[in-house]
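Good morning, and thank you for coming. I would like to walk through one structure with you, moving from its helix packing to its charged pairs and its surface. Please keep the display in view while I speak.

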Amino acid sequence: MPFLDARTRLVLKHPAGFALRTLRQFRANQGLLLAGAVAYYALLSIVPLLILMVIALSHVIERRALLGTLSRYLEWLVPGQSRALVGELAHFLDNRGVIGWVLLASMIFFSSLAFTVLENAMSVIFEHRVAIRRRHFLVSAVLPYCYIVVLSFGLLLVTVVAGGLQAFGERHVEVLGHDWSLDRLSGTLLYLLGLGGEILLLTSIYLVMPVGRLSWRHALFGAVTAAVLWEISRHVLVWYFATLSQVSVVYGSLTTAIVVLLSLEIAATLLLLGAQVIAEFERGDAGAFHT
């Protein structure tokens, strides 16, 4: 495979050794502890972040379409709990008149916490970069808010495209006397839209959050790894909560918060594991991947 560089060929030659080295280093970096911190602050950030995005975008796009898109794709992040989150957003929109400057400032602050903690976690994973170059504190301060703006534009674009795909799915095509609904094709395209958006978002995180410049191929490699693992995990979570889970019996009214936190922690673990894959790929050498 002459089109692959030497390091990629090395990983493909010793995949088990590379995987073991990645997991060992992830454990050495206390990856699960870092993921727990990211998940906790993501739980604090998710509602203020969504409120800010919905309030801003509701001025340019119809509210029902916006909440419908959020409900569909929040299922990717918090399986089984998107309806509760969207219900809270709708309730807040009905009472948006109570927002004052103090509450607005608080939401802006809390919406950025997850990105700040994620950047710090990335600095632990990519410690070999931090040892060479540190990011200016002003860049770190502004970066979370840049991501909020980018996510808002992304949500706007996805809402518009998803609306078009849903309208497309309502059509029928007659072929050789048979009437075929385009609903299944529309559903497939909506899924691919979500998957593509997930990989694009992860790639951007791996490109921007670590200090220094990263090859887009390496970022894409880590993003695809994390996305595939999360797709498997979220389907397992959906099955578990639907069949075996007794979390509502144990936690009662706290069920939604516990389930969201668990989903966020698994997602954060896979996100950081994808970063560890990139970091080990960068640091790889000829003898490092042997089992």
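Helix α3 passes α12 in a right-handed crossing. In this predicted model, α3 covers residues 31-57, and its axis lies 8 Å from that of α12 at an angle of about 130°. Is this pair oblique or roughly antiparallel? Angles over 145 degrees count as roughly antiparallel, and the value here is about 130°. The two helices α3 and α12 are therefore oblique to each other.

Please compare this with helix α4, residues 63-77, and helix α5, residues 82-94. Their axes come within 9 Å and cross at roughly 155°. That angle makes α4 roughly antiparallel to α5. The handedness of this crossing, with α4 passing α5, is right-handed.

Let me now place these helices in the whole chain. The chain contains 12 helices and 2 strands. In sequence order, the pattern reads α-α-α-α-α-α-α-α-β-β-α-α-α-α, so that the two strands follow one another, with helices on either side of them. The chain has 291 residues, of which 42% count as buried.

I turn next to the charged pairs. How many salt bridges does a search of the whole structure find? It finds 2. One of them joins Glu280 and Arg21, whose closest N and O atoms are 2.7 Å apart. This pair links distant parts of the chain, since Glu280 belongs to helix α12 (residues 255-283) and Arg21 to helix α2 (residues 15-28), 259 residues apart. Both Glu280 and Arg21 are buried.

The side chains of Glu231 and Arg234 also meet in a salt bridge, at 2.7 Å from N to O. What separates these two residues along their helix? Glu231 and Arg234 are 3 residues apart in helix α10, and are therefore separated by about one helical turn. The cut-off for a buried residue is under 20% relative accessible area. Glu231 counts as buried because its relative accessibility is 9%, and Arg234 counts as buried because its value is 10%.

Helix α10 brings us to the surface. A nonpolar patch is formed there by Leu207, Val208, Trp216, Leu220, Val224, Val228, Ile232, Val236, Trp239 and Tyr240. Together, these residues have about 890 Å² of accessible area. Which helices each supply at least two residues of the patch? They are α9, residues 183-208, and α10, residues 216-243. Helix α10 gives the most, with 8 residues. As one example from the patch, consider Leu207, which is placed in helix α9. Leu207 counts as partly exposed because its relative accessibility is 31%.

I shall finish with a point of backbone geometry. Most residues other than glycine have a negative phi. Gln30, however, has a positive phi, near 60°. Where does Gln30 lie? Gln30 is in the loop between α2 and α3. With a relative accessibility of 47%, Gln30 counts as partly exposed.

To close, I would ask you to look once more at two places on the display. The first is the salt bridge of Glu280 with Arg21, which links helix α12 to helix α2. The second is the nonpolar patch, to which α10 gives the most residues. Thank you for your attention.

Notes
Residues numbered from 1 in each chain as written. Predicted model: local features only at pLDDT ≥ 70, side-chain atom pairs only at ≥ 80, totals over all residues. Heavy atoms only, no water. Patch = residues over 30% accessible without salt bridge, like charges linked within 9 Å, V, L, I, M, F, W, Y side chains within 5 Å. Areas by Shrake-Rupley, 256 points an atom, 1.4 Å probe, with all protein chains shown as cover. Salt bridge = Lys/Arg side-chain N within 4 Å of Asp/Glu carboxyl O. Helix = DSSP H or I, 4+ residues; strand = E, 2+ residues; numbered from the N terminus. Buried < 20%, exposed > 50% of the residue type's maximum accessible area, 1.4 Å probe, protein only. Axes fitted to C-alpha atoms, helices over the stretch in contact; angles between N-to-C directions. Parallel < 35°, antiparallel > 145°, perpendicular 65-115°, else oblique. Left-handed = near helix turned anticlockwise from the far one by under 90°.
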